[in-house]
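Here are a few worked exercises to try with the structure open in your viewer. Have a go at each task before you read its solution.

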2 protein chains.
Amino acid sequence: MVATTGQLEAVPEPKYWHLRTVLLRTIDAEFSTGQVLPNERELSARFGVARATLRQALDQLELEGRLVRRRGIGTLIAAPRVGVPVSRREEGWPGTARSQAWRTVDCTSAPAGPQLGQSLGIPDTEIVHTVRRVRMVQGQNVAGESLHVPSSALPHLPGFRAENDRARSVLRHLERLEVDGESRSVELGVAEAQEAALLERPPGTPVLVVTSQYAAGGRLVALAVSTYRADTCKLTFGETGLVEVTPVAGGAVVATAS
Amino acid sequence: MVATTGQLEAVPEPKYWHLRTVLLRTIDAEFSTGQVLPNERELSARFGVARATLRQALDQLELEGRLVRRRGIGTLIAAPRVGVPVSRREEGWPGTARSQAWRTVDCTSAPAGPQLGQSLGIPDTEIVHTVRRVRMVQGQNVAGESLHVPSSALPHLPGFRAENDRARSVLRHLERLEVDGESRSVELGVAEAQEAALLERPPGTPVLVVTSQYAAGGRLVALAVSTYRADTCKLTFGETGLVEVTPVAGGAVVATAS
DNA sequence: CAGTGGTCTAGACCACTCT
DNA sequence: GAGTGGTCTAGACCACTGG
C-alpha cells in the first residue's frame, strides 16, 4: 500500500509533505537516536528540491519530536519523548517529598494588574508573589513555570526578606495549605524570550502550556502557568500509567485505504 | 533582572520574530475576532520585508491560535480557543449520558499487529475492534479518535454484523464495563492524511495527541488515541474548572523591563 | 578555518473562493 | 476573472560550532 513515490502522479500532495513521509520512513528504518543526518544542502540536492522545501519537511519532523537541529552541528535523530507527570499532586505542588524536580529561579512581589487580577479573582492592586521555577528531567530543562500566589492567601508570610528567602518562604507556606480542588488545562503555545531562555531554546519554540488552578477553602490560592518543551515532552496525567510503554504512532495504527 | 530589550541593538532578534510581536500587539489592540487582515503581499510591502518573512511571522501566530488563514479568503483573527473537557469520565468514555459530543465514523475489526499488540498487551494475532469517532464542539470538528478494544475484553459481543451495528455494539458493551483505572498522556503531533480529513484540515496540521488507557479487572480494556486541533482547542482536565475565565497570556504575565 | 543550520530575498506558479 | 493564501525555487548572507 501507499505505492507512492510515483514520480508521475495525479495526487497533488505537496512535495514537502511527501518528502516528510519518505524521510520518516527512512529514519524509522535506518537511523537510530543521536545519529546525524546528511546536511541540508546535500539532502536537498539528493531529493532534487530546493533547500527551503527540504527544510519545510524537516520542520514538520522537528515539530513531531523526531528530529533535533543544532546550529553548527547538524540534524540529529531525536530521542523518544520523555513522559513527564503533571497531574500527580507530588509533582505539581511545591515541596512535597522528592519534588526536587523543580529548581527555583527567582521570586518577585508586585501588584496583580488587570490580567492576573482577573485570573486570580482579586483586586488589581493586591500584591501577588510570583515564583519562577525550572523543571529538570534527566539533566535537561524541560519546563519553566510562573507560580502566582495572592498575598491574601498567605496571611502568615513574614515580612520582607532577601529574594531567595522569600521564594523559599512562599513555597513553604503554600505546602501547608490544604488544597481541596485543582483544575488544569493544556494548550499549544510558543515560548517568548523569557521562557525560551529558561528552556535554553530560541524564541518561538513550541511549548505545551499547562495552566493549573489550586483552590483552598473555596478560593483560588495559586495559579501556575507552566510551559513544557513540546519537542521533548509527553505530559502524563492520572494514575501512575498502567502500561509503561506506549509507542503511539502519530495516528493511523490501522493501515487502511491508500 | 533581565534588563533585555535594549532598543539599540546588540540583540540580533530575527525580523520575523520582531514582526510577530508587532503584529500581535496590533491585533490585540485594533482587531477583533473574525476580522480580516490586509493580504500578505500588502502586509509584506508595508513592513518592508519579503513575503516569505512575513509568512514566517504569521505562521507563529497561527500556531498560537491567534490567526486563521483560509486559502482564497484571507487571514482572519481567530476566536479564543474553546475549552474541551477530556478528563471527566463523562466525556472520554463512550455513551454515558449526553456524550453526543462524539459521532461514530466507522468501525473495523482486525488482528492487532505488532504495534497495537504491544500497546494493548495482547498477542499480535488477537482481533481488535477499532471505532473511529469525531468530536464536535459548537458545530465544528475538533477531534478525531481511534478507540481500540481487544476482542478478549468484550467476550459477550455478538457475532458479525453490519459495520454500523458493530460500532454501536462495541460502544455499548464498553459502557457496561467497570473501569477501575485510567491514565492519559498529551503530546504534540501533526495530523496525517486520515486524521486531517476528519478534522477538515490539511495534512501537517498541528494536533494535541491524547492517549488514554482504560483498565478493568486489572487488565487494559481500551486504548484511545485522540487528536485534537491544536489551533482551536484548549484541553481541560480535572474538576469542572473553578474559575471559568482564564485569559492566560502566552507566558509573561508580569511585565518586566521594557 | 570550514561546515552546519538559521534567516532573508525576489520572484514564479498553483489551488482555491467569490462574484 | 480577480484576489487570496500555499508551494517552490535559486541564491545570498549570517550565527554558531568544531578542530
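**Exercise 1. Sort the residues of the surface near DNA strand C into nonpolar, polar and charged, and find the element that gives the largest share.**

Bear in mind as you work that this is a predicted model.

Step 1. The sorting gives 7 nonpolar, 7 polar and 11 charged residues.

Step 2. The largest share comes from α3(B), which contributes 4 residues.

Step 3. Now pick out the nearest ones: of the 25 residues around the strand, N39(A), R51(A), R55(A), K15(B) and T53(B) come nearest.

**Exercise 2. Find which parts of DNA strand C the side chains of R41(A), R55(A) and T75(A) approach.**

Step 1. Start with the phosphates. A polar atom in the side chain of R55(A) is 2.7 Å from a phosphate oxygen of DNA strand C. For T75(A), an N or O atom of the side chain lies 3.2 Å from a phosphate oxygen of this strand.

Step 2. Turn to the bases. R41(A) places a polar side-chain atom 3.1 Å from a base oxygen of DNA strand C.

Step 3. Look at the elements involved. Those giving two or more residues to the surface near DNA strand C are, in chain A, α2 (40-47), α3 (51-63), β1 (67-70) and β2 (74-77), and in chain B, α1 (15-30) and α3 (51-63).

Step 4. Finally, consider the DNA side: sugar or phosphate accounts for 71% of the atoms of DNA strand C within 4 Å of the protein, and bases for the rest.

**Exercise 3. Trace the open sheet of 8 strands and name its edge strands.**

Step 1. Follow the order β4(A)-β5(A)-β6(A)-β9(A)-β8(A)-β7(A)-β10(B)-β3(B); the pairing is mixed.

Step 2. The edges are β4 (102-111) of chain A and β3 (82-85) of chain B, each of which pairs on one side only.

Step 3. From one strand to the next, the twist averages 20 degrees.

Step 4. Zoom in on one pair. Strands β4(A) and β5(A) (residues 127-137) run antiparallel and are joined by 9 bridges. Within this pair, R103(A) has V134(A) in β5(A) as its bridge partner.

As a reminder, strands of a sheet pair through backbone hydrogen bonds, either parallel or antiparallel.

**Exercise 4. Decide on which side of the cut-off R135(B) falls: buried or exposed?**

Step 1. Locate the residue: R135(B) sits in strand β5 (residues 127-137) of chain B.

Step 2. Apply the cut-off, where buried means under 20% relative accessible area. R135(B) counts as buried because its relative accessibility is 3%.

Step 3. Look for a polar partner. A polar atom of the R135(B) side chain lies 3.1 Å from the backbone oxygen of P85(B).

Note on methods
Residues numbered from 1 in each chain as written. Chains lettered and ligands numbered in written order. Predicted model: local features only at pLDDT ≥ 70, side-chain atom pairs only at ≥ 80, totals over all residues. Heavy atoms only, no water. Buried < 20%, exposed > 50% of the residue type's maximum accessible area, 1.4 Å probe, protein only. Polar contact = N/O pair within 3.5 Å; in protein donor to acceptor, adjacent residues only side chain to side chain. Near = heavy atom within 4 Å. Nonpolar A, V, L, I, M, F, W, Y, C, P; charged D, E, K, R; others polar. Pairing = 2+ DSSP bridges. Axes fitted to C-alpha atoms, helices over the stretch in contact; angles between N-to-C directions.
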